[in-house]
Amino acid sequence: MLRNKIFYTLSKYVTFGLKFIQALYIAKYLGPSGLAIYGFAQLISLYISFLHFGIPLSIHAMLSTAKEEEAIKVRTYISDGFSFLVSTGLFFCIVGSLIVFISPSLFEKFQFYKYGILSVVIGVNLIIVQFFANIYQVYGQYIRIALNEFVSVLILFCVIFFYRNNEENLLHTILLVSALTIFINLFFFLFKAPFKLSFSLRKEVLKSLIKLGIPMLIATVGFYLITFSVRSISNYIYSLHEIGLFTFALNIANAVMMGLNAISWTYYSTVLANT
């Protein structure tokens, strides 16, 4: 277990290095205006990523604290949680498509009509990643989590390198590839998984997951809402050029925070299990 945690932490810093360089390349080749549009797409996907009703957090807490006789029963909740998140994810995609179709002029400055649906899919992808990362953290399979993160970042890094000379295609390709990585994520998380998945939407199970998860979600999202609100207000006040510069600074800060949070995240489930 300790070796896996060390590997995960080290790989996080390698991934952090790639994301840092990636942020520099995106800023260089998209320019301030393109970076502003990219930042807005990121913001939409981040808002979507918190619409998981706390289920990744409640599954994590239940698996971490379950006694041996309860563990088998709790593992069956994974199917309910996954089925619910996939169903709501599809709903978000349909609603996003309808919004773009009905009101193509919405957020026109940021070309929401062009990149809105991709932003929603990326947000759903982030929810799926959170769900499985929390589960595999309890199982101690940090290598699986680390490889998934590294491969996803590496693919995007290669895309930026090969499309660096075409600003419009670069932005669209970055978002498209980010959306399509959901299939890579599912491969890494479901290949030889230590649990079985089936479609299940048991009302009582979902009710208990959401009841436990919502307070945890509120506690988690409080800090992020401050950052999101600042970004949202800035999008209305400032020009694309100024928003692009602000987005560049945020991308660098997020890359650094990813490296700093690596160690504490690996011990979260251990702390829960001992409380």
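R202 is partly exposed in the predicted model, with a relative accessibility of 37%. This arginine forms a salt bridge with D80, and the closest N and O atoms of the pair are 2.6 Å apart. Because R202 sits in the loop between α7 (167–190) and α8 whereas D80 belongs to helix α4, the pair ties together parts that are 122 residues apart in sequence. D80 has a relative accessibility of 0% and therefore counts as buried. The salt bridge thus joins a partly exposed arginine to a buried aspartate. The count of salt bridges comes to one.

The protein chain contains 11 helices and zero strands. Read from the N terminus, the elements follow the order α-α-α-α-α-α-α-α-α-α-α. Of the 275 residues in the chain, 47% are buried. Among contacts with a separation of 6 or more, 86% are between residues 24 or more positions apart. The chain exposes about 14,200 Å², of which carbon and sulfur atoms supply 71%.

Confidence in the prediction averages a pLDDT of 83 over the protein chain, and 86% of the residues score at least 70. Among the elements, α4 has the highest mean pLDDT, at 95, and helix α11 (residues 268–273) the lowest, at 50. Helix α4 is also the element in which D80 lies, as a result of which the buried end of the salt bridge falls within that helix.

The largest nonpolar core comprises 27 residues, and those with the most contacts inside it are I55, I59, Y77, F131, F132, I135 and L209. Two or more residues are given to this core by each of α2 (55–65), α4, α5 (112–139) and α8 (203–237). The greatest contribution is that of α5, with nine residues. The surroundings of I59 illustrate the packing: apart from neighbours within four places in sequence, this isoleucine is in contact with Y77, I78, F131, I135 and L209. A second core, separate from the one above, has 20 residues and includes A27, L35, L156 and A179.

A179, one of the residues of the second core, has its C-alpha atom 8.4 Å from that of G123, although the two are 56 residues apart in sequence. G123 is found in helix α5 and is buried, because its relative accessibility is 0%, under the 20% limit. Not counting residues up to four places away in sequence, G123 touches S45, I48 and S49. Another pairing over a long stretch of sequence is that of I21 and F157, which are 136 residues apart along the chain and have C-alpha atoms separated by 8.6 Å. I21 is found in helix α1 (residues 2–49). With a relative accessibility of 36%, I21 counts as partly exposed.

On the surface, I94, L98, F101 and I102 make a nonpolar patch of about 490 Å². I102 is part of helix α4, which covers residues 77–102. The relative accessible area of I102 is 65%, over the 50% limit, and I102 is therefore exposed. Helix α4 accordingly provides both a residue of the surface patch, I102, and residues of the largest nonpolar core.

Two residues that are not glycines have positive phi values in the loop that follows. F107 has a phi of about 50° and lies in the loop between α4 and α5. Q111, with a phi of about 55°, is found in the loop between α4 and α5 as well. Both side chains fall in the intermediate class of accessibility: F107 counts as partly exposed at 29%, and Q111 is partly exposed with a relative accessible area of 22%.

How values were computed: Residues numbered from 1 in each chain as written. Predicted model: local features only at pLDDT ≥ 70, side-chain atom pairs only at ≥ 80, totals over all residues. Heavy atoms only, no water. Patch = residues over 30% accessible without salt bridge, like charges linked within 9 Å, V, L, I, M, F, W, Y side chains within 5 Å. Areas by Shrake-Rupley, 256 points an atom, 1.4 Å probe, with all protein chains shown as cover. Salt bridge = Lys/Arg side-chain N within 4 Å of Asp/Glu carboxyl O. Helix = DSSP H or I, 4+ residues; strand = E, 2+ residues; numbered from the N terminus. Buried < 20%, exposed > 50% of the residue type's maximum accessible area, 1.4 Å probe, protein only. Core = buried A, V, L, I, M, F, W, Y, C linked by side-chain atoms within 4.5 Å. Contact = heavy atoms within 4.5 Å. pLDDT = per-residue confidence, 0-100.
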